[in-house]
Amino acid sequence: PDHLDAANDLGVVLTELGDLEGAVRAFSQARRIDPSDVEVRFNLAGALLAARRPGEAIQEAKGALAGLPKQGDLALRFVRLLWKAAIVALEADDLPSARDAWGAITALDRPDNRWKDSASELLRRYGK
């Protein structure tokens, strides 16, 4: 119950098997073991998104991004996840969560500004 790699790997397997709620539980366990492991947090956010829980996925991604260097590849993976989560949130009529995701994207100062520019445009369109 307190082996990080085992909990994370279980989440990956459960995701592949289509047991998204089981994957969320496994990744959540891995996060409890090591809350600073950003790969686990990315996996948890992805499982939450796959389970159609975009608001929770956005919160998890934002929390993980807080401790990441903004220029790294992992930060870009989180930006893409946030973008997808915003779309899922919009489809679920959850505009506040979509705005939250776009706000997190605009807060990142990255050299590839297309994500930031697009998120800023959507925030203008849908209101802050």
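A residue is called buried here when its relative accessible area is under 20%, and exposed when that value is over 50%. With this in mind, the predicted model can be explored one helix at a time, and helix H7 is a convenient place to start.

Helix H7 runs over residues 114-126 and holds 13 residues. Its first and last C-alpha atoms are 18 Å apart, close to the 18 Å expected at 1.5 Å a residue. Four residues of H7, Trp115, Ala119, Leu122 and Leu123, are buried. These four cover an arc of only 105° around the axis, which places them on the same side of the helix. On the other side of H7 come Arg114, Arg124 and Arg125, and these are exposed. The cover over the buried residues of H7 includes helix H5 (73-91) and helix H6 (95-107). Just after the helix, Gly127 adopts a positive phi of about 80°.

Aromatic rings offer another way into the structure, and a search of the whole of it finds 3 aromatic pairs. One of them joins Phe42 and Phe78 edge-to-face, at 5.1 Å centre to centre and with 90° between the planes. Since Phe42 belongs to helix H3 (residues 38-50) and Phe78 to helix H5, this pair ties together parts that are 36 residues apart in sequence. Phe42 and Phe78 are both buried. Another pair brings the discussion back to H7: the ring centres of Trp83 and Trp115 are 5.7 Å apart with the planes at 70°, so this pair is edge-to-face. Here, too, distant parts of the chain are linked, with Trp83 in helix H5 and Trp115 in helix H7, 32 residues apart. Trp83 is buried, and so is Trp115.

The ring of Phe42 has a further partner to look for in the model. The charged end of Arg77 sits over this ring, 4.1 Å from its centre.

Helix H4 (residues 54-65) completes the tour. At 1.5 Å a residue, its 12 residues should span 16 Å, and the end C-alpha atoms are indeed 16 Å apart. The buried residues in H4 are Pro54, Gly55, Ala57, Ile58, Glu60, Ala61, Ala64 and Leu65. What covers the buried residues of H4 includes helix H2 (20-33), together with H3, H5 and H6. Helices H5 and H6 are also among the elements that cover the buried residues of H7.

Conventions: Residues are numbered from 1 along each chain as its sequence is written. This is a predicted model: local features need pLDDT of at least 70, side-chain atom pairs count only at pLDDT 80 or more; totals for chains, interfaces and linings use all residues. Side-chain values use heavy atoms; hydrogens and water are left out. Helices (H or I, at least four residues) and strands (E, at least two) are DSSP runs, numbered from the N terminus. The expected span of a helix is 1.5 Å times one less than its number of residues. Buried means under 20% relative accessible area, exposed over 50%, partly exposed in between (1.4 Å probe, protein chains only). The arc is that of the directions from the helix axis to the C-beta atoms. Contact means heavy atoms within 4.5 Å. Rings of Phe, Tyr and Trp (its six-membered ring) pair if their centres lie within 6.5 Å; planes under 30 degrees apart count as stacked, over 60 as edge-to-face and the rest as tilted. A charge sits over a ring if NZ of Lys or CZ of Arg is within 6 Å of the ring centre and within 35 degrees of the ring normal.
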